[in-house]
Amino acid sequence: ECVLQRAVMVRKKLTAREGRGWVSGTLFCTHFRVAFVPQDSPKPDDNADPVLLGDHDVALASIEKVVVVGPNRTKLVTPNSSLKFTPEELVLYCRDLRVICFLFDRLTPDAQVIEITYTIAKTYQPPKPGSVLSFQNAALGSVEMKQFLSNRRRNTHMNWYESASDWEQELERCGATGWRVSSVNDRFEMSTSLPRSIVVPQKVLDTELKKSFAHFNEGRIP
């Protein structure tokens, strides 16, 4: 994931659920999302698990239209649009009925305002299929990604199901005596889209499992 464009000194309008009002921060656009990071956000912990979608972020696939507001006009921005004014406000209308509003500060460089507006408009509606997934030098933006990727520490009360022991504990908790945890897919040799540890009936042997993978699309056994 690369940072395509960013704009500093931007304010986001909070919803009723978020407490209303405005919060200041930096607005980013990547290949996959529009991300807003409040200026008082805690610094990321390199050892923590990154949150794939933060509270103030929106996936590009969720955006239905991009609208900008100027001193005396409102304009719908498309990939082929040309702006003859510097937007004061950016509004994202989402497919899930959310309306996300960003206000540009007077100190926000005009070039950043124009560029991030165009970038969002062009990226959420890519000019050709698949272009949004073209990783143009993945190293680019890696430093900036650390600046806005919020991180979540492990919740000790949450079972993350990342290891065989996690599943063993869940089976014990549920009293599922007729089931066991198999590591037949430990190296993803059976299926690349299933986890390393799989819960299977107690009576099914790993040798039988290996034979069954080939009968399912992408090896995704039940």
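Here is a short tour of the sheet, one helix residue and some salt bridges in this structure. The model is a predicted one. At its heart for this briefing is an open sheet of eight strands with antiparallel pairing, and the salt bridges come to five.

**The sheet**

- Reading across the sheet, the strand order is E5-E3-E2-E1-E9-E8-E6-E7.
- Strand E5 (58-59) and strand E7 (74-77) each have a single partner strand, so each of these edge strands has one side without a neighbour in the sheet.
- Strand E1 (residues 3-13) and strand E9 (residues 99-104) run antiparallel and are joined by three bridges.
- Across that pairing, valine 10 sits opposite phenylalanine 104 in E9.

**Helix H1 and threonine 123**

- Helix H1 packs on the sheet, and its direction makes about 110° with that of E1.
- The strands touched by H1 are E1, E2 (22-30), E3 (33-38), E6 (63-69), E7, E8 (89-94) and E9.
- H1 spans residues 110-124, and threonine 123 belongs to this helix.
- Threonine 123 has a relative accessible area of 12%, and it counts as buried because that value is under 20%.
- The side chain of threonine 123 reaches back to the backbone oxygen of threonine 119, at 2.5 Å.

**Salt bridge between arginine 98 and aspartate 96**

- These two side chains meet with an N to O distance of 3.0 Å.
- Arginine 98 is partly exposed at 34% relative accessibility, and aspartate 96 is partly exposed too, at 43%.

**Salt bridge between glutamate 170 and arginine 173**

- Here the closest N and O atoms are 2.6 Å apart.
- Both residues lie in helix H3 (residues 164-174), three residues apart, which is about one turn of the helix.
- The two partners sit in contrasting surroundings: glutamate 170 is buried, with a relative accessible area of 15%, whereas arginine 173 is exposed, at 62%.

**Salt bridge between aspartate 206 and arginine 180**

- The closest N and O atoms of this pair are 2.8 Å apart.
- Aspartate 206 is in helix H4 (residues 206-213) and arginine 180 is in strand E11 (residues 179-182), so the salt bridge ties together parts 26 residues apart in sequence.
- Aspartate 206 is partly exposed, with a relative accessible area of 30%.
- Arginine 180 has 18% relative accessibility, and it counts as buried because that figure is under 20%.

Definitions and conventions
Residues are numbered from 1 along each chain as its sequence is written. This is a predicted model: local features need pLDDT of at least 70, side-chain atom pairs count only at pLDDT 80 or more; totals for chains, interfaces and linings use all residues. Side-chain values use heavy atoms; hydrogens and water are left out. Helices (H or I, at least four residues) and strands (E, at least two) are DSSP runs, numbered from the N terminus. Buried means under 20% relative accessible area, exposed over 50%, partly exposed in between (1.4 Å probe, protein chains only). A polar contact is a pair of N or O atoms within 3.5 Å; within protein, one must be able to donate a hydrogen and the other to accept it, and residues adjacent in sequence count only if both atoms are side-chain atoms. Two strands pair if DSSP finds at least two bridges between them. Contact means heavy atoms within 4.5 Å. Axes are lines fitted to C-alpha atoms, for helices over the stretch in contact, and angles run from 0 to 180 degrees between N-to-C directions. A salt bridge is a side-chain nitrogen of Lys or Arg within 4 Å of a carboxyl oxygen of Asp or Glu.
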